[in-house]
Amino acid sequence: STLLKKCTEHYVNKFTYVHEVTRPAQKMGLIINEWGDDKTQAYILGEHLKNDQLEGDVIMDRCFIDGWVYTTWLHSQKCVGYTIQKTYDDLWSRMIGNLDLVFFTDPVKLENDGVRSTSEVFRDGVQSLFETQITLMEEDENFKGKIVRLKGDVETRFKNIKIAIGELENV
């Protein structure tokens, strides 16, 4: 969210900006984090499908990769059923090619903000799935140069975002 805010300030109207979908889901009364269920993941999937239809260049705080990872973890915990997991799996191949760049950050420090889970088991399980998926994408010829791992403080990570966007524009 911090990096998305910096992008909106720096690039202003150059992109369409999509903020995360989880907090609005919670405000609607849906169950999030490690207790998410079919209803929550179906709603989030719908939001990702809407975002996939946006025109022009888009920067998302979270994209369907996040939805797939969280749904996969929740499915492994028997919180989400086969149908929702299969729907995410099927949409993966349809939507993944639409991404020009994927920025991947290390997990943030767990802080109780009233929304984000502080469960280390949840965070570590989700992070492991992210790491596996991002590594597989990095090894895939179709994603060479599209995965940007962001490390360091906010300014360093934002500088690397600007470099990656600049390189993409020069292609």
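This is a short talk about salt bridges and one helix pair in a predicted model.

Okay, hi everyone. Keep in mind that what we have on screen is a predicted structure. I'll begin with the charged pairs. Side chains of opposite charge can pair when their charged atoms come close. In this model, the count comes to eleven salt bridges. I'll walk you through a few of them.

Let's take Asp52 and Arg94. These two form a salt bridge, and their closest N and O atoms are 3.7 Å apart. The pair links distant parts of the chain, with Asp52 in helix H3, residues 38-52, and Arg94 in helix H5, residues 82-95. In sequence they're 42 residues apart. As for Arg94, its relative accessible area is 46%, so we call it partly exposed.

Now, what about the two helices that carry that pair? The axes of H3 and H5 come within 11 Å and cross at roughly 15 degrees. That makes H3 roughly parallel to H5. The crossing of H3 and H5 is left-handed.

So which residues make the contact? From H3 we have Asp38, Gln41, Ala42, Ile44, Leu45, His48, Leu49 and Asp52. From H5 come Ile84, Thr87, Tyr88, Leu91, Arg94 and Met95. Sort the contact of H3 with H5 by class and you get eight nonpolar, three polar and three charged residues. And yes, our friends Asp52 and Arg94 are both in that contact.

Next stop, Arg149 and Glu131. Here's a salt bridge with its closest N and O atoms 2.7 Å apart. Arg149 lies in strand S4, residues 147-150, and Glu131 lies in helix H6, residues 120-139, so the pair ties together parts that are 18 residues apart in sequence. Arg149 is partly exposed, at 27% relative accessible area, and Glu131 is partly exposed too, at 30%. There's a third player here: Glu131, Glu138 and Arg149 are linked in a network of salt bridges.

Then there's Arg123 with Asp124. Their salt bridge has its closest N and O atoms 2.8 Å apart. How accessible is Arg123? It comes out at 27%, which counts as partly exposed. Asp124 has 39% relative accessibility, so that residue counts as partly exposed as well.

One last residue before I sit down: Lys27. You'll find Lys27 in helix H2, residues 22-27. Is Lys27 buried or exposed? With a relative accessible area of 74%, Lys27 is exposed. Lys27 and Val115 are 88 residues apart in sequence, yet their C-alpha atoms are 9.9 Å apart in space.

That's my tour, thanks for listening.

Key:
Residues are numbered from 1 along each chain as its sequence is written. This is a predicted model: local features need pLDDT of at least 70, side-chain atom pairs count only at pLDDT 80 or more; totals for chains, interfaces and linings use all residues. Side-chain values use heavy atoms; hydrogens and water are left out. A salt bridge is a side-chain nitrogen of Lys or Arg within 4 Å of a carboxyl oxygen of Asp or Glu. Helices (H or I, at least four residues) and strands (E, at least two) are DSSP runs, numbered from the N terminus. Buried means under 20% relative accessible area, exposed over 50%, partly exposed in between (1.4 Å probe, protein chains only). Axes are lines fitted to C-alpha atoms, for helices over the stretch in contact, and angles run from 0 to 180 degrees between N-to-C directions. Angles under 35 degrees count as roughly parallel, over 145 as roughly antiparallel, 65 to 115 as roughly perpendicular and the rest as oblique. A crossing is left-handed if the near helix is turned anticlockwise from the far one by less than a right angle, and right-handed if clockwise. Contact means heavy atoms within 4.5 Å. Ala, Val, Leu, Ile, Met, Phe, Trp, Tyr, Cys and Pro count as nonpolar, Asp, Glu, Lys and Arg as charged, and the others, Gly among them, as polar.
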